[in-house]
Amino acid sequence: MKTCLNLAGVGPALRNMLCAAVLVMLAGYVSAQDKVELNPAHPQSYVVQRGYTLWDISGKFLQKPWYWPEIWSVNPQIENPHLIYPGDILNLVYVDGQPRIQLTRGPVGPASTERLSPSIRTSDLDSAITSIPASTIKPFLSGGMIMPKKEIEKLPYVVALDDHMVGGAGQNVYVMDLPEANIQGDRFFVVRMDDELRDPGTNKLLGYEVMFIAKAELRQNGEPATAFLTDTNREVIRGDRILKADLNLPMNYFPSAPKNDVSGQIISVVDGLSRIGQYNMVILNRGTEHGLTEGSVLSVWQKGLTVNDNIDSRRGQVYSSSSQYSLAGKKVTLPDTYAGNLMVIKAYDDVSYALVMEAVSEMRVLDRVANP
């Protein structure tokens with residue numbers, strides 16, 4: 001079984017290195033062939049449509065989209081066979097009794113002769129189908145992170161703005177403690193320390209969420225340095241921190257179920273949303289120490305409500321008022337309810353970010369997450 005990552009904007013050398021790392025990981029992956037279930041309404045053949053994600057396409061063939069690598073059949077005759085493009089044709093076949101998906105390049109995808117040429121066009125890579133919507137994940141990857149308070153306080157900071165209390169796109173900000181090694185035109189993120197994150201079970205401090213505020217370019221070194229705000233999500237204020245931008249970020253993820261049992265909770269929602277649905281970003285109180293990696297898929301379970309049992313099973317008596325019931329003191333906890341699936345997109349030691357891939361009902365903070 002072979003597969004790889006689709007990395008938009010990443011140089012060939014780094015892309016090959018990351019692809020090799022994925023293949024090494026897959027070599028040790030325990031096959032879940034006995035768990036692969038086809039979607040009862042699966043097609044025998046499917047022409048890839050623009051605007052769909054790999055998760056969407058996987059769901060057309062499989063009950064559980066994260067088992068897609070188990071049925072993907074790499075064609076060595078095709079350049080970059082792990083990449084799928086609009087217009088490509090996917091065919092369901094059986095090999096030794098097991099389902100496999102075979103790829104046939106369509107007329108819209110990049111031609112083989114072009115892919116073999118020394119100068120591979122970046123636009124070809126950018127047009128490949130991604131695991132998740134690029135527009136959904138890219139803003140987060142530009143700035144979302146969790147850090148210890150001491151590390152945040154070491155970052156360069158905005159000391160003043162151009163005769164304004166707050167700053168927006170098209171304005172200058174003045175930055176203290178920016179290393180002089182940076183050069184004019186270097187790009188940065190303006191970030192802000194947000195709420196602390198604690199494990200709801202142990203009350204352990206997991207870190208502080210770092211909120212993305214704006215993008216900036218260095219205009220002049222110095223103490224303070226001058227930076228120009230090119231794009232803002234929120235108003236910049238004095239005390240906001242400056243972080244060097246990392247623009248070589250993966251836009252695709254290898255979805256898989258965790259290898260060991262994971263049980264945790266949603267502890268926060270990015271941007272403070274009260275209701276969680278598809279493509280919302282959440283924070284979990286589990287990370288690499290618990291077996292999670294980028295691409296790990298977990299199911300979300302709504303915590304069952306605790307309700308009053310106002311029927312006395314011994315006497316068949318129904319309590320008509322809450323005061324009567326309170327004397328009986330009988331309560332029943334309902335079972336947890338399946339709410340959907342999410343995928344980890346950035347994992348730390350004991351905390352991680354995850355994107356809700358599908359939601360069958362509303363999710364909430366403190367809902368349980370577990371192996372799918």
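**Salt bridges**

I started by counting salt bridges, and the structure holds 9 of them. I have to remember that this is a predicted model. My reminder on the basics: side chains of opposite charge can pair when their charged atoms come close.

I looked up Arg198 and found its salt bridge with Glu196, where the closest N and O atoms are 2.8 Å apart. Buried or exposed, or something in between, for Arg198? I noted a relative accessible area of 33%, so Arg198 is partly exposed. Glu196 has 37%, so I wrote down partly exposed there too.

Next I checked Glu362 and Arg364, whose side chains meet in a salt bridge at 3.5 Å, N to O. Glu362 is at 29% relative accessibility, so I put it down as partly exposed. Arg364 is at 41%, so partly exposed goes next to that name as well.

**A pair from two loops**

Then I turned to Asp199 and Arg286, which form a salt bridge with 3.5 Å from N to O. Which parts of the chain does this pair tie together? I found Asp199 in the loop between strand S8 (187-198) and strand S9 (205-220). Arg286 sits in the loop between strand S13 (281-284) and strand S14 (297-302). The pair therefore ties together parts that are 87 residues apart in sequence. I also looked up how covered they are, and both Asp199 and Arg286 are buried.

**Helix H2**

I moved on to helix H2, residues 54-61. Which of its residues are buried? My list reads Leu54, Trp55, Ile57, Ser58 and Phe61. Looking down the axis of H2, I see these buried residues fall within an arc of 160°, so they line one face of the helix. A rule I jotted in the margin: an α-helix has 3.6 residues a turn, so residues three or four places apart point the same way.

What do the buried residues of H2 pack against? I wrote down strand S1 (45-47), helix H3 (68-71), strand S3 (89-95) and strand S4 (98-104), plus S14 and strand S20 (352-359). S14 rings a bell, as the loop with Arg286 lies between S13 and S14.

**A nonpolar patch**

Last, I went to the surface. Leu305, Val307, Val332 and Leu334 form a nonpolar patch there, and together they have about 310 Å² of accessible area. I picked Val332 for a second look and found it in strand S18, residues 331-333. Its relative accessible area is 34%, so Val332 is partly exposed.

Methods. Residues numbered from 1 in each chain as written. Predicted model: local features only at pLDDT ≥ 70, side-chain atom pairs only at ≥ 80, totals over all residues. Heavy atoms only, no water. Patch = residues over 30% accessible without salt bridge, like charges linked within 9 Å, V, L, I, M, F, W, Y side chains within 5 Å. Areas by Shrake-Rupley, 256 points an atom, 1.4 Å probe, with all protein chains shown as cover. Salt bridge = Lys/Arg side-chain N within 4 Å of Asp/Glu carboxyl O. Helix = DSSP H or I, 4+ residues; strand = E, 2+ residues; numbered from the N terminus. Buried < 20%, exposed > 50% of the residue type's maximum accessible area, 1.4 Å probe, protein only. Arc of directions from axis to C-beta. Contact = heavy atoms within 4.5 Å.
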